[in-house]
Amino acid sequence: MHSHHSHSGDYVAHGVDPLDAMVAQARKMNFVTYCLTEHMPRIDPNYIYPEEREIGGGDDDQVLETLSSNFEKFLKHAQKIKNDSIEGETEIIIGTEIEGCDVSHINYAKKLLEEKKDVIKFCVGSVHHIYGIPIDFDQENWNTALKKAGNNLKQLIIDYFELQYKQLTSLQPLVVGHFDLFKLYLPKDLKINPLTGQVSDDESSVLASSISLINQWDELRDIVIRNLKYIRQYGGLIEINTSALRKKLPEPYPGEDLCELVKEYCDGRFVLSDDAHATSQVGVCYAEALNFIINVIKLDRIYYLTEYKNLSIKVEQMDINKFKNHKFWKALQ
Ligand SMILES: [Zn+2]
Ligand SMILES: [Zn+2]
């Protein structure tokens, strides 16, 4: 079993358990591969989260400094865990989750990945902000982002995927993180004009949560397909991220509609991730994910990363029968 995306309480404000405990839990659960991918530091005070500001005592420079030094500590710690690994144990791979907040962060990520390439072996390319507003933090921020999009849901999602495309073309992240993160705070009762995506209470309006947003508008769908084709071209992978299920969404990231497009335009290049922030979240909702993989999107293989002794990352495939018969699942029941 694999996870290509995780955090810990040692190095991120909203994490819970220490990094050592996260790794011990993954090993206990018979993970084959467990990737440690702490967030890269943010470099602009506009992107500091309230919980981080508290820790910094209100001094933004201090907060940015702490984010940066924490990341350095994370890399040292993760490398030590990796060096101390015994053959046959869960393979630990060190990566980082990129903050595609804006162009300056994408450029900074590029520099950081180059500087640290001996330690950081790959990155998870994520977009957590639209118009500089965090869309996975709380409902209020999500609503503000929608307002910035002129109260047009189609526009909000297009702008999300345009920023993702900027990140893809600059960094070619090996793993593309939570592909449809914009759905996390999509209000269940939000009604839109089905033709324009404009928020509306008209008779002809529909519940946004009741339609496939990706397939609703050709313009949006074409942008998604462009991104997927680009990912296929450079050999990237799309994570099936179970944190959406943990947060009580009906589907993981990405949902079925997107997964069908990934199958068609990106060769079904899926990896699995738990995006855990606590030991209780290691392998969280993996049984549900297995059901989704086998019965809903019906994959015939799953991809995963391995790092060969020459220290280069390799993308491997596992036949779906081998995947579903792995000893990991038995222990999960
Ligand atoms: Zn993320
Ligand atoms: Zn994450």
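A residue is buried if 20 or more other C-beta atoms lie within 10 Å of its own, exposed if 12 or fewer, and partly exposed in between, with C-beta atoms placed from the backbone. This is a predicted model, in which local features need pLDDT of at least 70, side-chain atom pairs count only at pLDDT 80 or more, and totals for chains, interfaces and linings use all residues. Residues are numbered from 1 along each chain as its sequence is written, while chains are lettered from A and ligands numbered from 1 in the order in which they are written.

**Exercise 1. Classify two residues with positive phi.**
Task: find where tyrosine 131 and aspartate 275 lie, and state how buried each is.

Solution.
- Step 1. Recall the background: most residues other than glycine have a negative phi, and most peptide bonds are trans.
- Step 2. Tyrosine 131 has phi near 55°. Its place is the loop between β5 (129–130) and β6 (133–134). Strands here are DSSP runs of E, at least two residues long, and helices are runs of H or I, at least four; both are numbered from the N terminus.
- Step 3. Count neighbours. Tyrosine 131 has 15 other C-beta atoms within 10 Å, so it is partly exposed.
- Step 4. Aspartate 275 has phi of about 50° and sits in the loop between β11 and α11 (286–296). With 25 other C-beta atoms within 10 Å, aspartate 275 is therefore buried.

**Exercise 2. Locate a cis peptide bond.**
Task: which peptide bond ending at proline 254 is cis, and what is its omega?

Solution.
- Step 1. The bond runs from tyrosine 253 to proline 254, with omega near -15°.
- Step 2. Proline 254 belongs to the loop between α9 (243–246) and α10 (256–265).
- Step 3. Proline 254 is also among the residues touched by isoleucine 238. A contact means that two C-beta atoms, placed from the backbone, lie within 7 Å. Other partners of isoleucine 238 include Val176, Phe179, Ile231 and Phe270, with residues up to four places away in sequence not counted.

**Exercise 3. Trace the sheet.**
Task: give the strand order of the seven-stranded open sheet and describe its edges.

Solution.
- Step 1. Two strands pair if DSSP finds at least two bridges between them.
- Step 2. The order is β1-β2-β3-β4-β7-β10-β11, and the pairing is parallel.
- Step 3. β1 (2–3) and β11 are the edge strands; each has a single partner strand, so one side of each lacks a neighbour in the sheet.
- Step 4. Check one inner pair. β3 (residues 91–99) and β4 (residues 122–126) share five bridges. Glutamate 97 has valine 124 of β4 as its bridge partner.
- Step 5. Check the β11 edge. β10 (residues 237–241) meets β11 through four bridges. Asparagine 241 is bridged to serine 273.
- Step 6. Look at the faces of β11 (residues 270–273). Phe270 and Leu272 are buried on one side, Val271 and Ser273 on the other.

**Exercise 4. Analyse helix α8.**
Task: compare the span of α8 with the expected value, then separate its buried and exposed residues.

Solution.
- Step 1. The expected span is 1.5 Å times one less than the number of residues. For the 17 residues of α8 (residues 218–234) this gives 24 Å; the end C-alpha atoms are 25 Å apart, which agrees.
- Step 2. The buried residues are Leu220, Ile223, Val224, Asn227, Leu228 and Ile231.
- Step 3. These buried residues fall within an arc of 135° seen down the axis, so they line one face. The arc is that of the directions from the helix axis to the C-beta atoms.
- Step 4. The face turned away carries the exposed residues Asp218, Glu219, Asp222, Lys229 and Gln233.
- Step 5. Cover for the buried residues includes α6, β7 (175–176), α7 (213–216), β10 and α10.
- Step 6. After α8 comes glycine 235, with a positive phi near 85°.

**Exercise 5. Describe the core.**
Task: how many residues has the largest nonpolar core, and which helix gives the largest share?

Solution.
- Step 1. A nonpolar core is a set of buried Ala, Val, Leu, Ile, Met, Phe, Trp, Tyr and Cys residues joined through C-beta atoms within 7 Å.
- Step 2. The largest core has 80 residues, and those with the most contacts inside it include Ala145, Leu237, Ile238 and Phe270.
- Step 3. Helix α6 (residues 153–171) gives the largest share, six residues.
- Step 4. For the whole protein, buried residues make up 42% of the 333 residues.
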